[in-house]
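Trainee: I am new to this structure and would like a close look at the charged side chains that pair up, and then at whatever lies in the interior. Could you take me through it slowly, in one connected answer?

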Amino acid sequence: MSEHHDTPDVTNVSRRGFLKGFGAGTAATSLLSPLSLREAAAAERGGAIGPGEVPVVLMINGLKRDVRVEPRVTLLDALRNRLNLTGPKKVCDRGTCGACTVLLDGQPAYSCSLLAIEVEGRAITTIEGIGTPDQMNSVQRAFVANDAQQCGFCTPGFVTAATAYVRKNPQATNDDICKALGGNLCRCGTYAGMLLAVADATTKGGA
Ligand code: FES
Ligand code: FES
C-alpha cells in the first residue's frame, strides 16, 4: 500500500527551490533573516544544521549582534571569541563554577552550558551590560567597598548572579544570600567579603 504524505519531503528541496517557495515575492536572500537562511540550509540537509558555521542573531546587552558560529559553539565561546565580550570567564567549561554566568531573560545561566544557537531571541546580559567602571551598579559598588575580591577571576560571574538575586530579593538574609550564590565558586576563598558585599547591596535597596 502506498503511503500518502501531506508534507513535502524537505530532503529533496534544492536551495533554489526552497528560496523560491519560501520567498514568495522576496527577490533577494539578503532580505531573509539569519534564522530563515539557517532553515534553508537545514532543509537542504534534510533538517540537519551544521557542521559548518550558521548565522545567529543574539540580543546582548540590549543590542542585536549578528555572528556566524558552528552549531556546536557555546554561548560563552561566541561571546568571548567572536563578540569580544570577555567579562564572562571560561574556567571549568562544564557548568560547575559559575565564572561564565550571564543573565538569560534576567535569570542567571552558565553560558558554557548553552549553545549560541539555542539562545536566539532571548535577552542576554553580560557583566559588560550590568555596569561600567564609571557607572557601576549597587552590587559592583558594594564589591569594591567591601574588598570582595582577590584575583578577581570569579568576580564577573558572582556580580552577575548577585545582581539578579538582589533585584528579586531585596529583603534577603545572609543565609538566603549564601544559598543563592551556591552556584558560583571562588578559588581564592573570598566568600566572607562577597557575602558582606551582597548583603550591603541588599540593604541599600537592590541592584
Ligand atoms: S566556566 Fe561555566 S560554569 Fe565554569
Ligand atoms: S577572587 Fe580569585 S577566584 Fe574568586
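Mentor: Start with D93, which is partly exposed in this predicted model, because its relative accessible area is 34%, a value between the 20% under which a residue counts as buried and the 50% over which it counts as exposed. The side chain of D93 meets that of K90 in a salt bridge, with 3.8 Å from N to O. K90 is itself partly exposed, at a relative accessible area of 36%, and D93 is one of its partners in a network of salt bridges that links D77, K90 and D93. Within that network, the closest N and O atoms of D77 and K90 are 2.9 Å apart. D77 sits in helix 3, whereas K90 belongs to the loop between helix 3 and strand 3 (101-104), so this salt bridge ties together parts that are 13 residues apart in sequence.

The structure holds five salt bridges, and one that deserves a separate look joins the side chains of R82 and E53, at 3.1 Å from N to O. This pair links distant parts of the chain, since R82 lies in helix 3 (residues 75-82) and E53 in the loop between helix 2 (34-44) and strand 1 (54-60), 29 residues apart. Both partners are in the intermediate class of accessibility: R82 counts as partly exposed at 44%, and E53 is partly exposed at 36%.

Now turn to the interior. The largest nonpolar core has 24 residues, and those touching the most other members are V139, F143, F158, I177, L181, M194 and V198. At least two residues of this core come from each of helix 4 (127-130), helix 5 (138-145), helix 6 (155-168) and helix 8 (191-203), and helix 6 gives the most, with seven residues. To see how one member is surrounded, take F143: leaving aside residues up to four places away in sequence, F143 touches A148, T155, F158, V159, M194, A197 and V198. Another core lies apart from this one and has 19 residues, among them L75, L79, L83 and I124.

Helix 8 is worth following along its length. Its 13 residues should span 18 Å at 1.5 Å a residue, and its end C-alpha atoms are 18 Å apart, which agrees. The buried residues of helix 8 are G193, M194, A197, V198, A199, D200, A201 and T202, and the buried residues of this helix pack against helix 5, helix 6 and helix 7 (174-180). As background, an α-helix has 3.6 residues a turn, so residues three or four places apart point the same way.

T202 makes a good last stop, since T202 lies in helix 8 and is buried, with a relative accessible area of 5%. A polar atom of the T202 side chain lies 2.7 Å from the backbone oxygen of V198, a residue already met among the best-connected members of the largest nonpolar core, those that touch the most other members. Leaving aside residues up to four places away in sequence, T202 touches V166, N169, P170, Q171, A172 and I177.

Terms used. Residues are numbered from 1 along each chain as its sequence is written. Chains are lettered from A and ligands numbered from 1 in the order in which they are written. This is a predicted model: local features need pLDDT of at least 70, side-chain atom pairs count only at pLDDT 80 or more; totals for chains, interfaces and linings use all residues. Side-chain values use heavy atoms; hydrogens and water are left out. A salt bridge is a side-chain nitrogen of Lys or Arg within 4 Å of a carboxyl oxygen of Asp or Glu. Helices (H or I, at least four residues) and strands (E, at least two) are DSSP runs, numbered from the N terminus. Buried means under 20% relative accessible area, exposed over 50%, partly exposed in between (1.4 Å probe, protein chains only). A nonpolar core is a set of buried Ala, Val, Leu, Ile, Met, Phe, Trp, Tyr and Cys residues joined through side-chain atoms within 4.5 Å. Contact means heavy atoms within 4.5 Å. A polar contact is a pair of N or O atoms within 3.5 Å; within protein, one must be able to donate a hydrogen and the other to accept it, and residues adjacent in sequence count only if both atoms are side-chain atoms. The expected span of a helix is 1.5 Å times one less than its number of residues.
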